[in-house]
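Thanks for making the time, everyone. Please bring up the model on your screens, and I will walk you through a few of its parts.

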Amino acid sequence: MNDYSWCIAGPDNYLINFCMQPLTTTGTNTWFAACRVEDVPANGGVCVKFMDEQIALFHFTRRNEWYATQNECPHRKQMALSRGMIGSQGDEPKVACPFHKKVFSLKTGECMDGDVCSIATYEVKVEEGMVYINVDKLANIEQGTRNLQC
Ligand code: FES
């Protein structure tokens, strides 16, 4: 199997995982091999699927940082955050939903517009050119919090 046999670019900015790489664990953390570094545009995002969950994965090259969040915007339930614009507000990295420009912290998931809604965030690590997302939280999503609308 070559490196690309399990992951191709789909429509828009989606990456579709055909066959699951085995999950890896370090300590109590479970890591999902999402894609390769070069699959994600500089200062941009892609959507990767982990089981039924869409995850927005961002390579914030200006800050030399990676972030992952749920792809669904809690405002109108659009699967859109991976196509949002990323930037910084002070020290805080943020993403703006492309639909109505609600802004969320990429670190905490809090809505930076003062709304009560928030998004799930996931830890990211890069090893040997592969991008891994910590998927521990996906088993424990607090639906009440996650589905609050702005
Ligand atoms: S759907 Fe994202 S801000 Fe409205």
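What percentage of the 150 residues in the protein is buried? Buried residues make up 32%, where a residue is buried if 20 or more other C-beta atoms, placed from the backbone, lie within 10 Å of its own. I should say early that this is a predicted model, in which local features need pLDDT of at least 70 and side-chain atom pairs count only at pLDDT 80 or more, while totals for chains, interfaces and linings use all residues. Residues are numbered from 1 along each chain as its sequence is written.

The secondary structure comes to 1 helix and 15 strands, taken as DSSP runs numbered from the N terminus, with at least four residues of H or I for a helix and at least two of E for a strand.

Let us turn to one sheet, which is open and has 3 strands in the order β10-β11-β12, with antiparallel pairing; two strands pair if DSSP finds at least two bridges between them. Because β10 (85–89) and β12 (103–105) each have a single partner strand, they stand at the edges, and one side of each is left without a neighbour in the sheet. Between β10 and β11 (residues 92–96), which run antiparallel, there are 5 bridges, and Met85 has Ala96 in β11 as its bridge partner.

Further along is a hairpin, where β14 (residues 124–127) and β15 (residues 130–134) pair in the antiparallel sense over 4 bridges. Val124 has Ile133 in β15 as its bridge partner, and 2 residues lie between the strands of this hairpin, in which Glu128 takes a positive phi near 50°.

How values were computed
Buried ≥ 20, exposed ≤ 12 C-beta atoms within 10 Å, placed from the backbone.
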